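Trainee: I would like a close look at a single part of this model, the cysteines. Please go through them step by step and then place them in their surroundings.

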Amino acid sequence: MGALSTKHLLGIKQLNQADIELIFSTADNFKEVINRPIKKVPSLRDITIANLFFENSTRTKLSFELAEKRLSADVVNFSAAASSVSKGETLIDTVNNILAMKVDMVVMRHPNPGAPIFLSKHIKANIINAGDGAHEHPTQALLDAYSIREKLGDVKGKKVAIVGDILHSRVALSNIYCLQKLGAEVMVCGPPTLIPKHIQSLGVKVEFSLDKALEWSDICMMLRIQLERQGSDRSVKYFPSLREYHQLYGLTSERLKKVKRSPVIMHPGPINRGVEISSELADSENSIILNQVENGVAIRMAVLYLLASEHENEE
Amino acid sequence: MKLLIKKAKIIDSSSSLNEKIVDVLVENGKITAIDKNISDDQAKVVSFKNLHLSRGWVDLHTNLQDPGYEHKEDFESGRKAAAAGGFTRIGLSPLSLPVRDSKSQIEYVINQNKSTLVELLPYGTVSKNAEGKELAELYDMHQAGAKAFFDGKNSISNPNLLIRALDYCRSFDGLLMNFTYNKDISPEGVMNEGEVSTSLGLKGIPELAEEIMLNRDIYLSNYTKGRLHFTTISSAASVQLIADAKKKGLNISCDVSSAHLLINDLELESFDSRLKTLPPFRSKSTVKSLIQGIKKGIIDALCSDHWPQDIESKKKEFDHAEFGIINLQTAFAAANTALQSEVSINKIIDLFTEGPERILKIDKNEIKVGAKANFTLFNPDANFTFEKKNVLSKSLNSPFFGKQLKGVVYGVVNNGKSNLN
């Protein structure tokens, strides 16, 4: 088996196409493993992994933890809301304290863009970015592309519309990078207030009409409206109400009938049913939302396994 | 002290000696002879390769934050850095702690100026406590020696306050300075808004946030006829707005931070918080427009916008790191590196001498026999690499480490003192 070109998974930006293919083929093997009656393999025995979540997460954390345990790694968890960290200890100190207890790999979610990149310059362990602010969420993008590949055979040449809050979304940014590296076309769609002004410079199409985006796309990736990111006290909210958001950007079967399309429907979760997507569609045949979740474990196992092998090679 | 400076090429576009190579003799702080070949056994001889000599440079905008943040920089370390960077006079932003908003605070600075190599030019705040609400005692501070009124990086957002201040200062010809930045446009912005901020997921500060306040200020300057200086402009549209306003005869001027002529936002791709400053480093095309503004004579001066931050304030996540770069030691080299192929060395030196002197209405230290010896010695053609070990500031937040820059400063002479080895 080959090796990744990087010792950390900081973002999709730092991966090349061969890396992504390698992660996918490794995930194929692990997907087979997790569907066996005995789901555990000894690949990461003696490797200790710390899951550092400086921002709330349920499913990503669970998915990583399952992936780690199925690889037989030792796992420790650290959760801290950003506020308790701001009491004094710096990020480097927090992480070095944990590493002093002999941890080999760090999976980190952090509210600030670039935090894992910053950390990678100051600590020794391998780092996997589990989401940094509005920057990247590489394992999510990998599992999304993997799920498209599984459903449609290939990612190349496919048209993917990402719909919703693009401005605050690390999922959107990582998906743009990943899908483009694999040869897909990407469109972003949402209210103009939630589309970054310079997003076209990344080579994506921009569409404000959901109907038009649906007419164009093979795959429609709905993003969750992150109510907690809809503006601080200091700024004006990005849209007036969820009701109006649903009217403009809610994915419903009526809308699909109107445009006579039935794209593959994806969602990184958690879903706000009735806001960005109707229950009916979320549970429909074209929805691969739960496949995404299942593939998430396989992809994370692949990433952990590949980076840990790097780790062993170094020693 | 008796100094004999050998074979110096004079750079002073206002002097008949401009571009002539001469020897200069300095005794007791005064120039006593300028000639082709002077010899004096008692004088300490100063001789350097490709030596250029100009009037001492003036920095319009430094943030030393003494008192209050002496651990980041105090007057002593700031002066050393300034002298090494070729400056003999530096204008001080009033945002120390407490802020410089009264006569006694101005006097605190003036009292540090007893025949020092680098003179401090204190600015007072426009508003009490730099809060942007009520006028500080501007006349009192003016009398005490405040050279301008400035709320530092706290942009004057209330137009009513700026109108009052501009009007009020007319009675004693006081100078108002503003750093135009409408923070409401991007309350959480940490870098230039553009392609790079989009790809990094960082919150952007659009150039628009500078331009709309600058445009408003031009209106207010026209309305009041007051004297207004825009410091650290960083947008193509700002340059154009100022050019148009100057054509109409408005009493305005502007400067650019020299680092902003050399660094663009592509360098932030590594999330290096040393490059986080305000105004943020802009796009490549804006950098070009600023250089064009200099070529066309729209930009009056360059400044260092030296803004020291200790490592605890910088070595953290980009969002949490403080704004600011140190630039006193590299201000000239940054400008010279960016501009050398674009404008003459005379023009570059004017931006550090004639421009700031005219804006602040301070003495021009002419290079002539009998005049006060206040000058800078440098070599515009020598390359050097700026390293951590070269830093004389207490803080290390330089964006230039490891970069090759063109333009070496040998040292300065002022008030009978020098830092020449």
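Mentor: A disulfide is a pair of cysteine sulfur atoms within 2.5 Å. Such a link is a covalent bond between the sulfur atoms of two cysteines. Keep in mind that this is a predicted model. Start with B:C303, whose sulfur lies 10 Å from the closest cysteine sulfur, the one in B:C254, and that is too far for a bond. B:C303 has 0% relative accessibility, so this residue counts as buried. The search over all chains gives the general result: zero disulfides in the whole structure. A:C178 fits that result, being in no disulfide, with the nearest cysteine sulfur, that of A:C220, 18 Å away. A:C178 also has 0% relative accessibility and therefore counts as buried, where the cut-off for buried is under 20%.

Now for the surroundings of A:C178. Of the 315 residues in chain A, 58% count as buried. The chain has 12 helices and nine strands, and its C-alpha trace spans about 60 × 45 × 35 Å along the principal axes. Its radius of gyration is 19 Å, which agrees with the value near 20 Å for a compact globule, because the chain has 315 residues. Among contacts in chain A with a separation of 6 or more, 73% are between residues 24 or more positions apart. On the outside, the accessible surface of chain A is about 13200 Å², and carbon and sulfur atoms make up 51% of that area. Chain A carries 38 positive and 36 negative charges, and the mean positions of the two sets are 3 Å apart.

Technical notes:
Residues are numbered from 1 along each chain as its sequence is written. Chains are lettered from A and ligands numbered from 1 in the order in which they are written. This is a predicted model: local features need pLDDT of at least 70, side-chain atom pairs count only at pLDDT 80 or more; totals for chains, interfaces and linings use all residues. Side-chain values use heavy atoms; hydrogens and water are left out. Helices (H or I, at least four residues) and strands (E, at least two) are DSSP runs, numbered from the N terminus. The radius of gyration is taken over C-alpha atoms; the globule rule is 2.2 Å times the number of residues to the power 0.38. Buried means under 20% relative accessible area, exposed over 50%, partly exposed in between (1.4 Å probe, protein chains only). Contact means heavy atoms within 4.5 Å. Accessible areas come from the Shrake-Rupley method with a 1.4 Å probe; for residues, only the protein chains shown count as cover. Lys and Arg count as positive and Asp and Glu as negative; His and the chain ends are not counted. The place of a charge is taken as NZ of Lys, CZ of Arg, CG of Asp or CD of Glu.
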